[in-house]
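User: I have a predicted model open and would like a close look at one part of it. Please take me through that part slowly, then place it in the whole.

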Amino acid sequence: MNLIRIFSADKYKGMKNYLNSQKKYEILRTILYFTISLSLFAAGYITTKSKLNLLTIVAVLGCLPACKSVVGMIMFLRFRSFPEQLAEEIEKHSQGLDTLYDMVFTTYEKNYHISHIALRGNTVVCYTCQEKMDENACIRHLSDTLALDGTKNISFKIFRDLDKYTARLDQLRELEDDKTLNAAVKKTLLSIAL
């Protein structure tokens, strides 16, 4: 399963505990990349007694993906997964809805951490644990992105109060479902999330 994860890390995006597991993955990958580069440099230096060799060039080039991995690791270290107790409470009310967990949307100005998203037809409701979030800017960003992808007239609402959110989830289950629209919205949201 871990070998599959190396090649398809996005497969787990949107699932419970995604941010915490991705954080561990990014840390291990970064360590591995730098270890490979350092071992190549050491092997070249030990065999030629000089830094001027072909393995040094390969080791320096190997630092490029290692540094890219550091950037990814730093991004994931900034966020935590949705607390398990809250996830269990929300799951009681989100049966039958398309849901996403641990979504972080990045823009040039801000990052928006959405803990849970539920989709039903043209309605998307979100729950966030983030203390300070410009909800209108987040909604504008998500709506604009969906519109660019060809999905329009989607209604967004972001909640910070768990009781109000679970009440809205109960109401959402009563709405008419459109699996095609849900799939399109979900695909776009997954593609723009960290």
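The part I mean is helix 6, residues 162-172. Which residues of helix 6 are buried, and what covers them?

Analyst: Here is helix 6, followed by its surroundings and the chain as a whole.

This is a predicted model. Start with the helix itself. Leu162, Tyr165, Thr166, Leu169 and Leu172 are the buried residues of helix 6. Viewed down the axis, they fall within an arc of 115°, so they line one face of the helix. The general rule behind such a pattern is simple. An α-helix has 3.6 residues a turn, so residues three or four places apart point the same way. The other side of helix 6 carries exposed residues, Asp163 and Lys164.

Now the N-terminal end. Asp161 caps helix 6 there. One of its side-chain oxygens sits 2.9 Å from the backbone nitrogen of Asp163. Asp163 is thus named twice: its backbone nitrogen takes part in the cap, and the residue is exposed.

Next, the cover. The buried residues of helix 6 are covered by elements that include helix 4, strand 2, strand 3 and strand 4. Strand 4 runs over residues 155-159.

Helix 4 deserves its own look. It spans residues 84-93, and its buried residues are Ala87, Ile90 and His93. These cover an arc of only 115° around the axis, which puts them on the same side of helix 4. Gln85 and Lys92 are exposed on the other side. The cover over the buried residues of helix 4 includes strand 1 (98-106), strand 2 (111-120), strand 3 and helix 6. The cover therefore runs both ways: helix 4 helps cover helix 6, and helix 6 helps cover helix 4.

Strand 1 brings in Tyr101. Is Tyr101 buried or exposed? Its relative accessible area is 6%, under the 20% cut-off, so Tyr101 is buried. Its side chain makes a polar contact with the side chain of Glu91, at 3.3 Å. Beyond its neighbours within four places in sequence, Tyr101 touches Gly14, Met15, Lys16, Phe82, Ala87, Glu91, Ser115 and His116. Ala87 in that list is one of the buried residues of helix 4. Tyr101 also lies 12 Å from Leu194, C-alpha to C-alpha, though 93 residues separate them in sequence.

Then comes Thr128. It sits in the loop between strand 3 (123-127) and helix 5 (135-148). With 2% relative accessibility, Thr128 counts as buried. Its side chain reaches the backbone nitrogen of Gln130 at 3.0 Å. Setting aside neighbours within four places in sequence, Thr128 is in contact with His113, Ile114, Ser115, Met133, Ile158, Phe159 and Arg160. Ser115 is a shared partner: it appears among the contacts of Thr128 and among those of Tyr101.

Two other loops hold exposed residues. Lys49 lies between helix 2 (18-48) and helix 3 (54-77). Its phi is positive, about 55°, although Lys49 is not a glycine. Lys49 is exposed, at 66% relative accessible area. Asn153 lies between helix 5 and strand 4. Its phi is also positive, near 60°, in a residue other than glycine. At 69% relative accessibility, Asn153 counts as exposed.

Step back to the whole chain. It has seven helices and four strands. From the N terminus the order is α-α-α-α-β-β-β-α-β-α-α. The C-alpha trace spans about 75 × 35 × 30 Å along its principal axes. The radius of gyration is 21 Å, whereas a compact globule of 194 residues would have one near 16 Å. Buried residues make up 40% of the 194. Among contacts with a separation of 6 or more, 67% join residues 24 or more positions apart. The accessible surface comes to about 11,600 Å², and carbon and sulfur atoms hold 59% of that.

Last, confidence. The average pLDDT is 89, and 94% of the residues score at least 70. Over residues 1-8, pLDDT is below 50, and this stretch has six contacts in the model beyond near neighbours in sequence. Where pLDDT is low, the predicted coordinates should not be read in detail.

Technical notes
Residues numbered from 1 in each chain as written. Predicted model: local features only at pLDDT ≥ 70, side-chain atom pairs only at ≥ 80, totals over all residues. Heavy atoms only, no water. Buried < 20%, exposed > 50% of the residue type's maximum accessible area, 1.4 Å probe, protein only. Polar contact = N/O pair within 3.5 Å; in protein donor to acceptor, adjacent residues only side chain to side chain. Contact = heavy atoms within 4.5 Å. Arc of directions from axis to C-beta. Rg over C-alpha atoms; globule rule 2.2 N^0.38 Å. Areas by Shrake-Rupley, 256 points an atom, 1.4 Å probe, with all protein chains shown as cover. pLDDT = per-residue confidence, 0-100.
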